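Please look through the structure shown below, keeping its sequence beside it. The paragraphs after it lead from the core to the strands and then to a loop.

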Amino acid sequence: MELSLFSYHQNSFSLLHKPFFSLPISGKRVPKRDPFLLQCHCTLSSSSNDDDNIKAAIVSLQHEARRVVLGSLLTAAAAMYISDVAEAASTSRRALRGAKIPETEFTTLPNGLKYYDLKVGSGLKAVKGSRVAVHYVAKWRGVTFMTSRQGLGVGGGTPYGFDIGQSERGNVLKGLDLGVEGMRVGGQRLLIVPPELAYGKKGVQEIPPNATIEVTIIL
């Protein structure tokens, strides 16, 4: 927008830096029929520079909007992650405290394995041949002797990964392998593992022969 100011006198134009008018020395009154008129001429100039500036402003606003949306998504993802960690930590604490559930509430399988679902997951189902990653807490007589949470607290640690069915080749504890089958991702299950599905007649380290153990699984 270019603004130009002109003065009008006796049908002639002069630029602003020239005198608007001169008063006569004689002191005569200026006739009212001959007033001085000021006219404002406003012209709208459109140039390629203006268009470029407008386009640049629009692009900048679009980038800023994308940054705001991305920031909101990252915040939501972080909140979900913190919630999952807190829930897993809470479950592990319950397991480490040795919360007792009556065996009458457990489901007993033909192989002697007993399980109780602390939480039923809503994700994919673990079936034979599928790859799973679980957190676990293993106990004997209420004392934890093995856990995936070791070293980083009840909310940390590295999950244990294996293919369901590997126990047939001796690559994973039978009770853990059979116990995770049928769970869904997000689920939590408590197992009572008989000796034949645990360490059998030989035992291992501090676990004596023919020992029944308890394992809490978080898928």
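What follows describes the core, the strand pairing and one loop residue.

The model is predicted, so that local features need pLDDT of at least 70 and side-chain atom pairs count only at pLDDT 80 or more, while totals for chains, interfaces and linings use all residues. Residues are numbered from 1 along each chain as its sequence is written, and side-chain values use heavy atoms, with hydrogens and water left out.

The largest nonpolar core (buried Ala, Val, Leu, Ile, Met, Phe, Trp, Tyr and Cys residues joined through side-chain atoms within 4.5 Å) has 24 residues, among which F162, V180, V193, V215 and I217 touch the most other members. At least two residues each come from β6 (131–140), α2 (174–180), β9 (188–193) and β10 (213–218), with β6 giving the largest share, 4 residues. Helices (H or I, at least four residues) and strands (E, at least two) are DSSP runs, numbered from the N terminus. Leaving aside residues up to four places away in sequence, V180 touches A126, V134, F162, I164, I217 and L219, where contact means heavy atoms within 4.5 Å.

Strands β4 (residues 107–108) and β5 (residues 114–119) pair (at least two DSSP bridges between them) in the antiparallel sense over 2 bridges, and T107 has Y115 of β5 as its bridge partner. Between these strands the hairpin has 5 residues, and G112 takes a positive phi near 95°. Strand β5 is also joined to β9, antiparallel, by 5 bridges, with Q188 in β9 as the bridge partner of K119.

In the loop between β6 and β7 (143–147) lies R141, which counts as exposed because its relative accessibility is 73%, against cut-offs of over 50% for exposed, under 20% for buried and partly exposed in between (1.4 Å probe, protein chains only). R141 and E214, 73 residues apart in sequence, are 8.3 Å apart in space, C-alpha to C-alpha.
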